[in-house]
Amino acid sequence: MELPKRYDPKESEAKWQKYWEENKVYTFDLESKKEIFSIDTPPPTVSGKMHMGHAFGNSQQDFIARYKRMHGFNVLQPFGTDDNGLPTQILIEKLKKVRAKDMPRKEFVKLCLDTLEKELRPQYTRDWKSLGISCDFDVFYTTINNHSQKISQWSFIDLYKKNRAYRTHAPAMVCPKCRTSIAQVELEDKQRSSNLNFIKADVEGGGSITFATTRPELMMACIAITVHPDDKRYKKLVGKFATIPTTDIKVPILADEMSKMDFGTGAVYWCPFGDANDMEFVSKHPELKVRHIMNPDGRLNDLAGKYSGMNSEKAKKAVLEDWEKVGALVKQEAIEQIINVHERCGTPIEFVAMNQWMIKVLDLKEKLLELGNKLEWHPKHMKNRYDNWANGLKWDWNISRQIFFGVPFPVWYCESCDEPIVAKEKQLPVDPTEDKPPVNECPKCKHKKFIPETDIINTWATSSLTPTIVKELFKGKPIYDKLSGPMSLRPQGHDIISFWLFNTVVKSYLHYDHLPWNDCFINGWMLDSKGKKMSKSKGNVIEPQIMIDKYSADALRFMAAGCTLGEDLPFPEKDLVTGQRFVNKLWNASKFSLMHLEDYKTGKITEVMDRWLLSKLQKLIKKNTENFDNYRFFHPKADTEKFFMQVFCDNYLEIVKDRLYNPDIRGKDVRKSGQYALHTALLAILKMMAPILPHITEEIYQLGFKDEKSIHIESWPVADEKLIDENAEKAGDIVLDIIAAVRKWKSEQQLSLKTEISELVIVGDQEELLKNVVDDLKAVTKAKKIVFSNETSIETEKLKIKMAIQK
């Protein structure tokens, strides 16, 4: 069938996306006996729009899914959305111009759920489909629906029963802006300019000691001043008490190795909890009584005296002014310091004492490192990020969040003795603010009134269960047991190895004692054209839908395949241009080929140049298969592109053209040989580019090759060793050298390539090798006669060509 003159990606891509969905092309087959290849698809955070990072990473993931499907696997590639927790709460507040804290919680939760269901998810799903992602969209979940809530709450109860989930009243890292506690994984380091303040404090019995601090606002929480045991300057002061200036707070001067003699004055004042070091110090000195002066909103409480109600910056300024008035502020030195900020909003964190639910993980460091070693990492160096995170753990995993929207803890507390009452599994999912506890009285003190837990389970504690969430969608179906072990693949970005990947390993080990997947597939970031991370605040965000409209989804996917796995890629719009040109070239070459294949039924290879083409094709198939098996999608894309452009289009089509157009002159058998090679090579090229360019390959396949309902469930090409012919390749490569030399000569002579040559003399000892390609060579070079000459030459390893122009 002849292809239309031009290919319209806007029309074609929408057409095939609809076709795939209506014909269930990507459906996970519950009855199939094929080996399952399961993908723990990243559920994107619903932010209203797909961003370029999604398009980049999910395209690379989809290359693998499509390859595995063609390679004979029953592919499970679900689609989910991560739409619970703080990101969604902030988004809904912004979209609907409301504040969660000013609404009844039940009403705000309903507003969130309705907005997600009616406005956000449908558009998000359309965005994914428009990119040609081959998920089974019927295998769908959200991290806030009842199915996921039930599993998240079950996970908590299971860990509680295993003594892994525990409640503690302790300092927690808090974001004052978001007004919730956060986990270590949600921190980022940020450099800022500050002042190191040198403060003189009176010592009992006379004299003084000067300490240095960057956090004067915490002075009302001071419990001690320490010096290093080896610091001779302060030997006589150890054991005495100092008075914090402008207060009546007297604190002991202690010798402790946590003090650094070369920082500041060597004397440190400890005001828990200003940073993580305070936690270690307090644990070493249980005799010291801590005063908690910080509220979750970052303001000082009543224990801060006159500074009560001030935030950190305002209190810092007030304290320094007071110290300066009494002469306690000796001097200030400008310094640069690294502080912890909340990764979501960039706000410096504070430590606030509160009740928190934790998951015990610190004792598992070695085991988690061992599990990391058992995973197959692609690329391998990404494992370093996992190891660094595991080795750097300082705290157990805090999963409590003081927000309004998310998965509730399935817990109530006895009003009298504070005993936790955990829901029964058959009750799940539950909301303790709406539902009753499973008991009528406290099992510990027999009290009959209970207080519901109002905190929310951190979203990462739910999304770290995605393998279970997906598996449980098939509960009660025969295929369920086949999904009980590790999934095949976890694709994700390198920036959330410590968030999603690490925590999923933790949950899988604690619940099932096995890895969540066999392989990890870690993609890089899509940066702006200058190599900077894309950010709305910087105004450098590039929306994929705009690029799809400007070029095509296939062009965008072509670009995403243009770098190695794990590599950060500055956005190269020129690669979309190249991608669209490649799509058009594929269309035009296929149009020419299919025109000459309309009468093709079968055939056999008789010509050297056809064997040359198919021999090189078999090697390409072998190489591409090996690279795809190892998730190296970049090489199949680049190698197939090169083969198509240089071998197939630039040379083979020019060589075979004369045989196709002139069967009466050249012979029908040589035309059939060319048709066989043309059909075989073009179909293989389409199949090998199908994972990268699903739309254009489907269009051409349906018009010219259709054996299955889609190219994407066709069989991946298999290399035929019998077609590898080294002599044919050697002869064909020489032919290409001759053609290139003739073209160059004609160009230098300012002649048309169609200009005839009366005689082409090939100098060397290649006559035996080339005797069977003479007709093809004459046709493509427009030579009337080809002569082989054995004259000697000092360039014995090089081919010499003599040409005479037709007069």
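**Entry 1: strand β27**

I began with strand β27, residues 757-763. Five of its seven residues are buried, so the rest of the structure largely encloses this strand. I note here that the model is predicted. Next I looked for the partner of β27. I found strand β28, residues 786-789, joined to β27 by four bridges. The two run parallel. For one pair of residues across the gap, I looked at Leu760, and Ile786 in β28 stands opposite Leu760.

**Entry 2: the whole protein**

I stepped back to take in the overall form. I counted 23 helices and 29 strands in the protein. I then checked the radius of gyration. The protein has 35 Å, whereas a compact globule of 807 residues would have a value near 28 Å. I also looked up the box that the C-alpha atoms fill. Along the principal axes, the box is roughly 115 × 65 × 45 Å.

How much of the protein is buried? I found that buried residues make up 55% of the 807 residues. For the surface, I noted about 36600 Å² exposed by the protein. Carbon and sulfur atoms supply 49% of that area. Then I turned to contacts with a separation of 6 or more. Residues 24 or more positions apart account for 78% of these contacts in the protein.

**Entry 3: an open sheet of three strands**

I followed an open sheet next. Its three strands come in the order β15-β24-β23, and the pairing is parallel. Which strands form the edges? I found β15 (376-378) and β23 (487-493) there, each pairing on one side only. On average, neighbouring strands of this sheet are turned by 20° against each other, direction ignored.

I looked closer at one of the pairings. β15 meets strand β24, residues 517-523, over three bridges in the parallel sense. I picked out Glu376, whose bridge partner in β24 is Asp519. I then asked what packs on the sheet. Helix α2, residues 52-70, does, and this helix touches β23 and β24. The direction of α2 makes about 140° with that of β24.

**Entry 4: β11 and its partners**

I reminded myself of a general point: strands of a sheet pair through backbone hydrogen bonds, either parallel or antiparallel. I then looked at strand β11, residues 250-255, beside strand β9, residues 224-227. These two pair in the parallel sense over three bridges. Thr226 has Leu254 as its bridge partner in β11.

With strand β10, residues 241-243, β11 pairs in the antiparallel sense, over three bridges. I saw Phe241 opposite Pro252 in β11. β10 and β11 form a hairpin with six residues between the strands. Which residue of the hairpin takes a positive phi? I found Thr246, with a phi near 70°.

**Entry 5: Glu699**

I closed with a single residue. Glu699 sits in helix α20, residues 694-704. Is Glu699 buried or exposed? I read a relative accessible area of 9%; buried means under 20%, so Glu699 is buried.

I looked up what the side chain of Glu699 meets. One polar contact, of 3.1 Å, joins it to the side chain of Lys15. Another, of 2.5 Å, goes to the side chain of Trp16. I then listed the contacts of Glu699, leaving aside neighbours within four places in sequence. They are Tyr7, Ser12, Lys15, Trp16 and Trp587.

How values were computed:
Residues are numbered from 1 along each chain as its sequence is written. This is a predicted model: local features need pLDDT of at least 70, side-chain atom pairs count only at pLDDT 80 or more; totals for chains, interfaces and linings use all residues. Side-chain values use heavy atoms; hydrogens and water are left out. Buried means under 20% relative accessible area, exposed over 50%, partly exposed in between (1.4 Å probe, protein chains only). A polar contact is a pair of N or O atoms within 3.5 Å; within protein, one must be able to donate a hydrogen and the other to accept it, and residues adjacent in sequence count only if both atoms are side-chain atoms. Contact means heavy atoms within 4.5 Å. Two strands pair if DSSP finds at least two bridges between them. Axes are lines fitted to C-alpha atoms, for helices over the stretch in contact, and angles run from 0 to 180 degrees between N-to-C directions. The radius of gyration is taken over C-alpha atoms; the globule rule is 2.2 Å times the number of residues to the power 0.38. Accessible areas come from the Shrake-Rupley method with a 1.4 Å probe; for residues, only the protein chains shown count as cover.
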